[in-house]
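Grab a coffee and open the viewer. Below are a few exercises, each with a solution worked out step by step.

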Amino acid sequence: MFKRLFFSCSTLTHFLPKNSHFLSSINQPIRIFAMAEKDQNFTSSSSSSSSSASSPPSSGAQYKHTNLLASEHSPYLLQHAHNPVNWYPWGEEAFEQARKRDVPIFLSIGYSTCHWCHVMEVESFENDEVAKLLNDWFISIKVDREERPDVDKVYMTYVQALYGGGGWPLSVFLSPDLKPLMGGTYFPPDDKYGRPGFKTVLRKVKEAWESKKDVLVKSGTFAIEQLSEALSISSVSDKLSEGLAQSALRECTKTLSESYDPKYGGFGAAPKFPRPSEPQSMIYQSKKLRELGKISEADEHLKKVSFSLQCMARGGVHDHVGGGFHRYSVDECWHVPHFEKMLYDQGQLANVYLDVFSIKKDVFYSCVARDILDYLRRDMIGPNGEIFSAEDADSADPEEPSKKKEGAFYVWSSIEVEDIVGKHAPHFKEHYYIKKSGNCDLSPMSDPHNEFKGKNVLIEKNSTNAMASKLGMPVENYQEILGASRKKLFDARSKRPRPHLDDKVIVSWNGLVISSFSRASKILKSEPDGTKFNFPVAGTNPQEYMEVAKQALLFIKENLYNKQSRRLQHSFRNGPSKAPGFLDDYAFLISGLLDVYEYGGEISWLSWAVELQETQDEVFLDKTGGGYFNTTGEDESVLLRVKEDHDGAEPSGNSVSAINLVRLASMFIGTRSDRYKQNAEHLLAVFEKRLNDAPVAVPLMCCAADMLSVPSKKQIVLVGKKASPDMESMLVSVHASYDPNKTVIHIDPSDEEEIGFWEEKNPNVAAMAKSNVRAENVVALVCKDFACKAPVTDPKSLEALLSSGKA
């Protein structure tokens, strides 16, 4: 069951159309066909397909059909530009045609790396018979959910409320005025097992429109009215009830602990999604418990997270050959994944591994963080620093190039490994559980349809130390052999047809990755001297990661930001998209900017974060009811304006905003700081019922509530030359220990821009800089609400002070 709504789906269903025999006869079978890409509760294991639709068409090709999508920029829309269906993009031209012809709209929503979207395209949208039905009876609209999450949210909410679940491809029928009539997800083309196929559904929708149009339109209007009322959540109180911040976090982590899998790690059963906000909340609570002297409980929380991260990194959900993580595992043991790679997963997971490394100082975790970031640098960054969105699960089968199969790029036969790896193949095969018969046999859920028969998904079943001991060689030598073998497989794999790359640049997802790159630039400098790295980890100088973060920010500022209006656009591909920036774009980018600044970036990045927060408050803030809407409300074709709270595959914009506001309030003083804090308090009060009744659905918001409740804020102010090695050493020391409740400010007394910024927004910082000028040293001031201890000038002393918990 999805947890994105503020209400029970079953509770809301009685508000939705019941008075139509058409709906009662059609909607129920549709729910059974919910074969779709979901954030959670995926209904099927991976499946192969003969799809030829995973990549946008090349510009020089000749086509039998071309529709209006050919002029769009979205890779997903371009994939459908040569279907025989007369697709329209979302917009007034399509709406006008539906009104003029007085026919329903068929709305199909997906994204370019969605496996079941490819399946439905091949089966139905490339089928001339289906296309004729759509063209004769409907106006057909295609939407890329990643380009227009606002449109997707409206109709996904409707389908979820009506059927208790949803996913992609999302298939919804609308009236010409965009009210939903009925919907579902994936439909096979023909009737099967007594259930209607897509052609049957199209015929019944047409018949219902001709015979019961008034009833359908009235029902759709009523459904939107009820959804709008249910989603217009607000709070008359301006702050949370006493004690709720602490109890929500405690109950959230308690529920997660109860769902912990002690055998394979992770929280919940298969299919297993990373959902990084869950381990983040466990790490945060572990820190709190330790500060309260509850060492045993703190260790238990951290143990569950660290073991889960180990299992994920050793499982097939991790790409051992090329780096990075796949979307999720279809089985309980993190083995056989759904093979697509999403940018938002990479950024969040890198941060979780960095957090655990900063606590445990175990290079296992830092190496996995590096693995993720190096994968992004190698495969996902454009020529101007832009960071791309996703890689598909499907690719051409090397054995049958005309067919596309899920995982074809990533799986191996035993003989391939032997031929490529050479003399070390026996050790490599034992280490990664590679078998002649194939290794997707660890769980009945791993490969129930024998799609990977004779194929292997690499998984570390044996520990490195045990294998090295068995072979009588030093661990370091054994790791070098594994790394060299992975490089051979990587080179061989590079000759295979690659999965489709979605090279769309999404601001919000870039913000998540900008955060992890900037944090890595300092946290990884705490790795022991002489740490050895093996492929696919590149052994990058951590400072290079900060440059990646800055280049991505520059791309966004130059291509997706209007300096006059101070507004963002949502995405970029061959130019900015038509969609404006949404709440997540502002919130996630502000979070990334704050991290870039606190981990050593220029004052200009902090200044931009402040500016973007002002725009976010102006455009998205509900100034009377509290909290942030996910859209501007300026597009009349988007029928619902939602306040999102669920921390799922991505954190919610409201959760991230609450943390941003707490961080900004801690940096400044006076009315500015008060305003940030008041907005955060009111935001959290909006979601009080959620925090009280179902805190496990909002783990990051639980952390935000606790952060806001901390009675006095810790600031570390560093004064000195920005470009000096001493400042770098001090920044490394400040960030060597995990503490999400600290704020880091660094200021160069000789920099007029910085002094001017702080004189306007926090004169305390400017005064500290002027009174702590040292010719030779960088001075560190550890403060509580800007009341500071004696200056510290030695990085080691500063690190010891901060890690001791006495600061």
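A cavity here is a set of grid points where a 1.4 Å probe fits but cannot get out. Keep in mind that this is a predicted model.

**Exercise 1. Find how many cavities of 30 Å³ or more the structure holds, then describe the largest cavity.**

Solution.
- Step 1: Count them. The structure holds seven cavities of 30 Å³ or more.
- Step 2: Take the volume. The largest cavity has about 780 Å³ of space.
- Step 3: Look at the wall. It is made up of 37 residues, and those nearest the centre of the cavity are Arg519, Asp595, Ile659, Arg663 and Pro740.
- Step 4: Ask which elements contribute. Those giving two or more residues to the lining include helix H10 (277-291), helix H18 (507-523), helix H22 (653-667) and strand E18 (742-747). H22 supplies the largest share, six residues.
- Step 5: Sort by class. The lining of this cavity has 15 nonpolar, 14 polar and eight charged residues.

**Exercise 2. Now do the largest pocket: which residues are closest to its centre?**

Solution.
- Step 1: Start with the space, which is about 710 Å³ in the largest pocket.
- Step 2: Of its 26 lining residues, Phe364, Cys367, Thr464, Gln479 and Arg486 are the closest to the centre.
- Step 3: Assign helices. H11 (295-314), H13 (363-379), H16 (464-471) and H17 (475-493) each supply at least two residues of this lining.
- Step 4: Split the pocket lining by class, and you get twelve nonpolar, eight polar and six charged residues.

**Exercise 3. Work out the strand order of the five-stranded open sheet, and say what packs on it.**

Solution.
- Step 1: Read off the order, E1-E3-E2-E4-E5, with mixed pairing.
- Step 2: Check the ends. Strands E1 (87-89) and E5 (180-184) each have a single partner strand, so one side of each has no neighbour in the sheet.
- Step 3: Add the twist. Neighbouring strands are turned by 30 degrees against each other on average, direction ignored.
- Step 4: Zoom in on one pair. E4 (residues 170-174) and E5 run antiparallel and are joined by four bridges; Phe173 has Met182 in E5 as its bridge partner.
- Step 5: Place the helix. H4 (residues 92-101) packs on the sheet, touching E1, E2 (105-110) and E3 (139-144), and its direction makes about 160 degrees with that of E3.

**Exercise 4. Classify the aromatic pair formed by Trp87 and Phe106: stacked, edge-to-face or tilted?**

Solution.
- Step 1: Set the scene. The count for the model comes to 32 aromatic pairs.
- Step 2: Get the geometry. For Trp87 and Phe106 the centres are 6.2 Å apart and the planes make 35 degrees.
- Step 3: Apply the cut-offs. Planes under 30 degrees apart count as stacked and over 60 as edge-to-face, so the rest are tilted. The Trp87 and Phe106 pair is tilted.
- Step 4: Locate the partners. Trp87 is in strand E1 and Phe106 in strand E2, 19 residues apart.

**Exercise 5. Track down some backbone oddities: which residues does a cis peptide bond join, with omega about 5 degrees?**

Solution.
- Step 1: Recall the usual case. Most residues other than glycine have a negative phi, and most peptide bonds are trans.
- Step 2: Trp168 and Pro169 are joined by that cis bond, and Pro169 is in the loop between helix H7 (149-163) and E4.
- Step 3: Another cis bond runs from Phe535 to Pro536, with omega near 10 degrees. Pro536 is in the loop between H18 and helix H19 (542-559).
- Step 4: Turn to phi. Tyr433 has a positive value, near 55 degrees, and Asn450 also has a positive phi near 55 degrees. Tyr433 lies in the loop between H15 (425-431) and H16, as does Asn450.

Technical notes. Residues numbered from 1 in each chain as written. Predicted model: local features only at pLDDT ≥ 70, side-chain atom pairs only at ≥ 80, totals over all residues. Heavy atoms only, no water. Pairing = 2+ DSSP bridges. Axes fitted to C-alpha atoms, helices over the stretch in contact; angles between N-to-C directions. Contact = heavy atoms within 4.5 Å. 1 Å grid on protein atoms, 1.4 Å probe; cavity = no way out; pocket = protein on both sides within 12 Å on 5 of 7 lines; lining within 4 Å. Points joined across faces, edges and corners; volume = space filled by probe spheres on them. Nonpolar A, V, L, I, M, F, W, Y, C, P; charged D, E, K, R; others polar. Phe/Tyr/Trp six-rings, centres within 6.5 Å; stacked < 30°, edge-to-face > 60°.
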